[in-house]
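Got the viewer open and a selection box ready? Let's walk through this one stop by stop.

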Amino acid sequence: MPALTATQLEYYAKNGYLVVERLFTAAECDAVHEAIAAHADGDFAAIMNPDREDFLSLQSPIRSKEAIRRTVKIMRDVMRDRRIVDIIETIYGGREAVGLMSQVLFKKANSPYASQA
């Protein structure tokens, strides 16, 4: 991962978020999406903490512990991916990043949450 530019750091400081294009390949994105979308409810509501088995199992229509564990591992691997961690640690001046929670928001067309901010 190339170092963040001064412009990117300024953008984050001003807006509170940063979009880094092509951080993951299309295949990587598809794999993560496929894994988590299988756990979406009929309304495609947000899924809180899908990197934690206890949380995902309560929210998922899937009852297979093995399927839930596979998805938890995928989501946790994303959170620990050096490409992301390096960016976060750069933004925060080299301090160690610690993941406290995660959330997946779906924006599926025509779902109740599609227009939610």
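Start by selecting Ser111, which sits in the segment after β2 (103-104). Helices here are DSSP runs of H or I with at least four residues, strands are runs of E with at least two, and both are numbered from the N terminus. Before going on, some ground rules: this is a predicted model, where local features need pLDDT of at least 70, side-chain atom pairs count only at pLDDT 80 or more, and totals for chains, interfaces and linings use all residues. Residues are numbered from 1 along each chain as its sequence is written, and side-chain values use heavy atoms, with hydrogens and water left out.

Is Ser111 buried or exposed? It counts as buried, because its relative accessibility is 13%. The cut-offs are under 20% relative accessible area for buried, over 50% for exposed, and partly exposed in between, using a 1.4 Å probe and protein chains only. Show polar contacts and you'll find the Ser111 side chain 2.8 Å from the backbone oxygen of Lys108. A polar contact is a pair of N or O atoms within 3.5 Å; within protein, one must be able to donate a hydrogen and the other to accept it, and residues adjacent in sequence count only if both atoms are side-chain atoms.

Next, which residues does Ser111 touch, not counting those up to four places away in sequence? They are Asp43 and Phe44, where contact means heavy atoms within 4.5 Å. Hop over to Phe44: leaving aside neighbours within four places in sequence, Phe44 is in contact with Phe106, Lys108, Ser111 and Tyr113.

Phe44 also takes you to the largest nonpolar core, so select Ile36, Ala40, Phe44, Ile47, Leu56, Ile68, Val72, Met75, Val104 and Phe106, 10 residues in all. Helix α4 (residues 65-80) gives the most to this core, with 3 residues. A nonpolar core is a set of buried Ala, Val, Leu, Ile, Met, Phe, Trp, Tyr and Cys residues joined through side-chain atoms within 4.5 Å. In soluble globular proteins, nonpolar side chains tend to be buried together.

Stay with α4 and add α5 (residues 82-91). The buried residues of α5 are Ile84, Val85, Ile87 and Glu89, and they pack against α4. At the N-terminal end of α5, Asp81 acts as a cap, with a side-chain oxygen 2.8 Å from the backbone nitrogen of Arg83. After α5 comes Gly93, with a positive phi near 65 degrees.

For a contrast, colour α1. It lies largely in the open, because the number buried among its 10 residues is 0. Gly16 follows α1, and its phi is positive too, near 85 degrees. A little further along is Val20, in the loop between α1 (6-15) and α2 (26-37). Val20 is partly exposed, at 21% relative accessible area. Draw a distance from the C-alpha of Val20 to that of Ala109 and you'll read 24 Å, for a pair 89 residues apart along the chain.

One more side chain: Ser60, in the loop between α3 (53-59) and α4. Ser60 counts as buried, because its relative accessibility is 3%. Its side chain makes a 2.7 Å polar contact with that of His39.

Now zoom out. How many helices and strands are there? The chain has 5 helices and 2 strands, in the order α-α-β-α-α-α-β. Its C-alpha trace spans about 45 × 30 × 25 Å along the principal axes, and 24% of the 117 residues count as buried.
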